[in-house]
Amino acid sequence: MNHKPRIGVINGGGDCPGLNTVIDSLVKTLYPEYEVFGFYKGYEGLLEKNYFHLLPEYTNRFKFQGGTMLKSVNHGHFPGKIGGGELNLIDKSILAKTKENYDEMGLEAIVVLGGDGTMSVALQLQEMGLNMVGVPKSIDNDLYGTDYTFGFQTAVEIATEALDRLETTGYSHDRVMILELMGRNAGWISLNAGIAGGANMILIPEIPFTYDQLLKYIQARVEKGKHNALIVVAEGAISVGGEKILSDIGGQSSEQNLSGIGSNIARFLNSQNIDARSTILGHIQRGGSPNSFDRILSRQYGAFAGNMIKDKKYAQVVTYNCHDFTSMTLDECVSQLKLVDPESSIVKLARQMGISFGETGEIYF
Ligand code: F6P
């Protein structure tokens, strides 16, 4: 080898505030002993050898910008998970071509920033002989084994501000205001924003609700003279016996987008003569710059991944738990999702504050 050790950087799946911060931090940690190459549009960039040299003077420019300087896709040749989140085996010839390019470029390792789908592809590439280091990324915060993924707190902050705004207009018009938030499988954004934004009801995938209970709750408020209410609903929330509501807008994601549960609830309430409006916050939660918490967290994730490269600690994913950084195996990371435990202290806290989860048998005060 007559060049410096070469490292690739890939981000996969949906973008997220903090991606650029992690990349800049990683590049600065590895500079100047390593050459770092950024691959465009996730693993597709490695498959097509579509990359560029990442230098600190370039990445520094983007360090607190939203989105990703590498661009990203959540479709293409590498759908790591499909349907309800089942692992998907990537075509052997695609994996082989990727390995060929990796060898040809003389890469020593790849740092991959992504969610469970992206990590499940990283695991398959690791098994093919590529050295992979993962950095957990998801605004949904549903990656197993880590307290906080970067981007999550920013999303919660944006959603909380939206709730504050919906509250004043809802109060003025005696309306039920519904805010639909991201969260395909996990209700972390809804739970946290709901508590912070003073929601009266939080509906999440982990706790199926009933329309009957929802109505009873709103009627109980009306009887007490409260004619407005704030409901937060995760896009993946389900009613008992119901199914997730798929978006009717197409798209190219490897998983069909979810959207519409908030409108369903508004329609139901309107049919019961309760004035209700629904807002979908959507990608506003994902766009824009990371907040200060996520900037610092992303900085740390990137530097820790860089140090793992220096220590040749491969087949691992960085984890952040109880303010401490360490790592776990890729295998473990993709073994399950981190879902909200209905018996956890934060859910109990919400209940104690009088927040409803729309479950049958809840008692309101
Ligand atoms: O996984 C993160 C997420 O924000 C989900 O909550 C949401 O379902 C999905 O991304 C939407 O992604 P896209 O619109 O990019 O396909």
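**Exercise 1. Find which residues G194 touches, leaving out residues up to four places away in sequence, and work out whether G194 is buried or exposed.**

Step 1. Keep in mind that this is a predicted model. Click on G194 and you'll land in helix 7, which covers residues 188-196.

Step 2. Look for contacts, skipping residues up to four places away in sequence. G194 touches L163, I189, A199, I202 and V232.

Step 3. Now check the surface. The relative accessibility of G194 is 0%, and buried means under 20%, so G194 counts as buried.

Step 4. For a sense of distance, pick E255, which sits 61 residues away from G194 along the chain. The C-alpha atoms of these two are separated by 26 Å.

**Exercise 2. Work out how strand 8 is placed: which residues of strand 8 are buried, and which strands does it join?**

Step 1. Select residues 176-181, which make up strand 8. Six of the six residues are buried, so the strand is largely enclosed by the rest of the structure.

Step 2. Take the two faces in turn. On one side you have V176, I178 and E180, on the other M177, L179 and L181, and all of them are buried. Both faces of strand 8 are therefore covered.

Step 3. Go to strand 10, residues 229-234. Strand 8 and strand 10 run parallel and are joined by six bridges. If you want one pair to look at, I178 stands opposite I231 in strand 10.

Step 4. Then try strand 11, residues 276-280. Strand 8 runs parallel to this one too, with five bridges joining them. Here M177 has R277 as its bridge partner.

**Exercise 3. Describe how strand 12 and strand 13 pair, and what sits in the turn between them.**

Step 1. Find strand 12 at residues 316-321 and strand 13 at residues 324-329.

Step 2. Check the direction. The two strands pair in the antiparallel sense, over six bridges. One of the bridge pairs is N321 with D324 in strand 13.

Step 3. Look at the link. Two residues lie between the strands, and the whole thing forms a hairpin. In the turn, C322 has a positive phi of about 50 degrees.

Step 4. Step back a little along the chain to A315, in the loop between helix 10 (292-310) and strand 12. A315 isn't a glycine, yet its phi is positive, at about 60 degrees. Its relative accessible area is 22%, so A315 is partly exposed.

**Exercise 4. Look for unusual backbone spots: what is the peptide bond from Y31 to P32 like, and what is phi of N141?**

Step 1. P32 is in the loop between helix 1 (19-30) and strand 2 (35-39). The peptide bond leading from Y31 into P32 is cis, and its omega is near 5 degrees.

Step 2. Move on to N141, in the loop between strand 7 (132-136) and helix 6 (152-173). Phi of N141 is near 60 degrees, a positive value in a residue other than glycine.

Step 3. Check the cover. With a relative accessible area of 2%, N141 is buried.

**Exercise 5. Which residues is T210 in contact with, leaving aside its neighbours within four places in sequence?**

Step 1. T210 sits in the loop between strand 9 (201-203) and helix 8 (211-223). It's a buried residue, at 16% relative accessibility.

Step 2. Set aside the neighbours within four places in sequence. T210 is in contact with V240, G358 and T360.

Step 3. Compare sequence with space. T210 and G358 are 148 residues apart in sequence, but C-alpha to C-alpha they're 6.0 Å apart.

Step 4. Now try G361, in the segment after helix 12 (345-352). G361 is exposed, with a relative accessible area of 60%. Its C-alpha atom is separated by 56 Å from that of L30, 331 residues away along the chain.

**Exercise 6. Zoom out and judge why the protein counts as compact.**

Step 1. Count the elements: there are 12 helices and 13 strands.

Step 2. Put the radius of gyration, 22 Å, beside the 21 Å that the globule rule gives for 365 residues. The two are close, so the protein is as compact as a globular protein of that length.

Step 3. Add the burial: buried residues make up 55% of the 365 residues.

How values were computed:
Residues are numbered from 1 along each chain as its sequence is written. This is a predicted model: local features need pLDDT of at least 70, side-chain atom pairs count only at pLDDT 80 or more; totals for chains, interfaces and linings use all residues. Side-chain values use heavy atoms; hydrogens and water are left out. Two strands pair if DSSP finds at least two bridges between them. Helices (H or I, at least four residues) and strands (E, at least two) are DSSP runs, numbered from the N terminus. The radius of gyration is taken over C-alpha atoms; the globule rule is 2.2 Å times the number of residues to the power 0.38. Buried means under 20% relative accessible area, exposed over 50%, partly exposed in between (1.4 Å probe, protein chains only). Contact means heavy atoms within 4.5 Å.
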